[in-house]
Amino acid sequence: MAKKRKVGEPKEPEYEFVPPEFDEKEYIYKDLYGTKVTIIIAILAVVVGVCAGCITNIWNWVGGLVLMFVVLAGMKPFLRLIRFDTDLVETKTMLGNYILYLLLTIGVWTLVINPPFI
């Protein structure tokens, strides 16, 4: 059975959800900016992968590994050099870009050091 309300008991206030303001232009701008940074990093990863493969064929695999991590360490200054503001890109997105760089560089490097490309 339903509870009976006491005569002097106050009514519970109703909660109404008010969504925050959403700036669609800013969201689209940041998303496109993050995509541009990702494309630049992917192109850089392909170039570094080819260079690391050439270094591996000439010298040793350690040289390619050092090149890969030196470029990874200098990624933010390189992006600032070509006038990309990395502060506009979220931390999660930049972490994803770093992982993309590492995996794509290793993939291209593996292709370059194998027989069809030697």
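The largest nonpolar core of this predicted model holds 15 residues, of which Val37, Ile41, Met75, Leu79 and Tyr101 touch the most other members. Four helices feed this core: H1 (24-58), H2 (61-73), H3 and H4 each supply at least two residues. The largest share, 6 residues, comes from H1. In soluble globular proteins, nonpolar side chains tend to be buried together.

Methionine 75 illustrates the packing. Residues up to four places away in sequence are set aside here; beyond them, methionine 75 touches Ile41, Leu44, Tyr98 and Tyr101. Ile41 and Tyr101 are, like Met75, among the core members that touch the most others.

The overall fold is helical in its assigned elements. The secondary structure comprises 4 helices and 0 strands. Along the sequence the pattern reads α-α-α-α. The radius of gyration is 26 Å, whereas the globule rule gives 13 Å for 118 residues; the computed value is well over that figure, so the protein is more spread out than a compact globule. Along the principal axes, the C-alpha atoms fill a box of roughly 90 × 40 × 25 Å.

Burial and contacts were then examined across the chain. Of the 118 residues, 24% are buried. Contacts with a separation of 6 or more were also analysed by sequence distance: residues 24 or more positions apart account for 76% of them. The exposed surface comes to about 9500 Å². Carbon and sulfur atoms supply 67% of that area. The charge count is 12 positive and 12 negative. The mean positions of these two sets lie 5 Å apart.

Two individual residues were compared. Threonine 86 is located in the loop between helix H3 (75-81) and helix H4 (91-112). Its relative accessibility is 4%; threonine 86 therefore counts as buried, the cut-off being under 20%. With residues up to four places away in sequence left out, threonine 86 touches Lys76, Leu79, Arg80 and Met94. One of these partners, Leu79, also belongs to the largest nonpolar core.

Valine 47 lies in helix H1. Its relative accessible area is 45%, and valine 47 is therefore partly exposed. The partly exposed class spans the range between the buried limit of 20% and the exposed limit of 50%. Along the chain, valine 47 and threonine 86 are 39 residues apart. Their C-alpha atoms are separated by 21 Å.

Technical notes
Residues numbered from 1 in each chain as written. Predicted model: local features only at pLDDT ≥ 70, side-chain atom pairs only at ≥ 80, totals over all residues. Heavy atoms only, no water. Rg over C-alpha atoms; globule rule 2.2 N^0.38 Å. Buried < 20%, exposed > 50% of the residue type's maximum accessible area, 1.4 Å probe, protein only. Contact = heavy atoms within 4.5 Å. Areas by Shrake-Rupley, 256 points an atom, 1.4 Å probe, with all protein chains shown as cover. Lys, Arg positive; Asp, Glu negative; His and termini not counted. Charge placed at Lys NZ, Arg CZ, Asp CG, Glu CD. Core = buried A, V, L, I, M, F, W, Y, C linked by side-chain atoms within 4.5 Å.
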